[in-house]
Amino acid sequence: MITIVIAEDQQMMLGALGSLLNLEEDLEVVGKAKNGEEAIALVHKHQPDICIMDIEMPLKSGLEAAEELKGKNCKVIILTTFARTGYFQRALKAGVCAYLLKDSPSEELANTIRSVMAGKRIYAPELMDDFYSEENPLTEREKEVLGLVADGRNTKEIAEELKLKSGTVRNYISTILDKLEVKNRIEAISRSKEKGWFK
């Protein structure tokens, strides 16, 4: 019997997932958590084979919980609506065994659990496509400028630090916004974080 803990902050989804998995003869849900902190506590308590986690949850996200559980005997499967490259890269670093999207067919989840138990890794195909096709379009200098913007520096401070004219810095910033297809500096920072391009 494969034992499972599920972490999902939407109660209806949590209940439905539990019921679906318990219908499988070889699967048993031993704990349900509403956030990442509860998930970690339940994993320590029940020592399940698998922990299925959503990403965006209160108190502790699924990715933070997965990072904490890295190296434990419990295999983590991320089940989320977010196909973001940045999230996916972080999940890979946390040693997550599978990353599925919530619009996948329900039987796919049960099959993924069995595959993960057999030592396989399963990642949603659309994530793999994005992962390999999304190169950071910024040059090294543009990355440097954006990094200083993210540190809260204004145009004048960036110009002083990089020994450039303020006008040149403004040109760099406008090129960065164009390349990232965003309207302002804050969106540029969020877009880079979302894509996992920020160190």
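Arg-84 is partly exposed, at 26% relative accessibility. In this predicted model, Arg-84 forms a salt bridge with Glu-56, and the closest N and O atoms of the two are 3.8 Å apart. The pair ties together distant parts of the chain: Arg-84 sits in the loop between S4 and H4 and Glu-56 in the loop between S3 and H3, with 28 residues separating them. Glu-56 is likewise partly exposed, with a relative accessible area of 37%. In total, 13 salt bridges are counted.

A second salt bridge brings together the side chains of Lys-60 and Glu-68, at 2.6 Å from N to O. Here the two partners fall into separate classes: Lys-60 is buried at 17% relative accessibility, whereas Glu-68 is partly exposed at 42%. A buried partner also appears in the salt bridge between Glu-142 and Lys-179, where the closest N and O atoms are 2.8 Å apart. This pair, too, links distant parts of the chain, with Glu-142 in helix H7 and Lys-179 in helix H9, 37 residues apart. Glu-142 has a relative accessibility of 6% and counts as buried, while Lys-179, at 32%, is partly exposed. Elsewhere, Glu-8, Asp-54 and Lys-102 are joined into one network by salt bridges that share partners.

We turn next to the sheet. Six strands form an open sheet in the order S2-S1-S3-S4-S5-S6, and their pairing is parallel. Strand S2 (27-33) and strand S6 (122-123) each have a single partner strand and stand at the edges, so one side of each lacks a neighbour in the sheet. Within the sheet, strand S1 (residues 2-7) pairs with strand S3 (residues 50-53) in the parallel sense over four bridges, and Val-5 stands opposite Cys-51 in S3.

Two helices can be placed against these strands. Helix H1 (residues 11-22) lies across S1, S2, S3 and strand S4 (75-80), and runs at about 165° to S2. Helix H5 (residues 106-117) lies across S1, S2, S3, S4, strand S5 (98-101) and S6, at about 155° to S4.

Which residues touch the most other members of the largest nonpolar core? Of its 28 residues, they are Cys-51, Met-53, Ile-78, Val-96 and Tyr-99. At least two residues of this core come from each of S1, helix H2 (36-46), S3, helix H3 (62-69), S4, helix H4 (85-93) and S5. Leaving aside residues up to four places away in sequence, Cys-51 touches Val-5, Ala-39, Val-43, Cys-74, Lys-75, Val-76 and Ile-77. Another core, of 19 residues, lies apart from the largest one and has Ile-4, Leu-17, Ile-77 and Ala-98 among its members.

Helix H7 brings the account back to Glu-142. The buried residues of H7 (residues 140-150) are Glu-142, Val-145, Leu-146, Leu-148 and Val-149. Viewed down the axis of H7, these buried residues fall within an arc of 160°, so they line one face of the helix. Their packing partners are helix H8 (155-162), helix H9 (166-180) and helix H10 (185-194). After H7 comes Gly-152, with a positive phi near 90°.

From helix H10, Ser-192 offers a closer look at this packing. Ser-192 is buried, with a relative accessible area of 2%. Not counting residues up to four places away in sequence, Ser-192 touches Leu-146, Leu-180, Trp-197 and Phe-198; of these, Leu-146 is one of the buried residues of H7.

Terms used
Residues numbered from 1 in each chain as written. Predicted model: local features only at pLDDT ≥ 70, side-chain atom pairs only at ≥ 80, totals over all residues. Heavy atoms only, no water. Buried < 20%, exposed > 50% of the residue type's maximum accessible area, 1.4 Å probe, protein only. Arc of directions from axis to C-beta. Contact = heavy atoms within 4.5 Å. Pairing = 2+ DSSP bridges. Axes fitted to C-alpha atoms, helices over the stretch in contact; angles between N-to-C directions. Core = buried A, V, L, I, M, F, W, Y, C linked by side-chain atoms within 4.5 Å. Salt bridge = Lys/Arg side-chain N within 4 Å of Asp/Glu carboxyl O.
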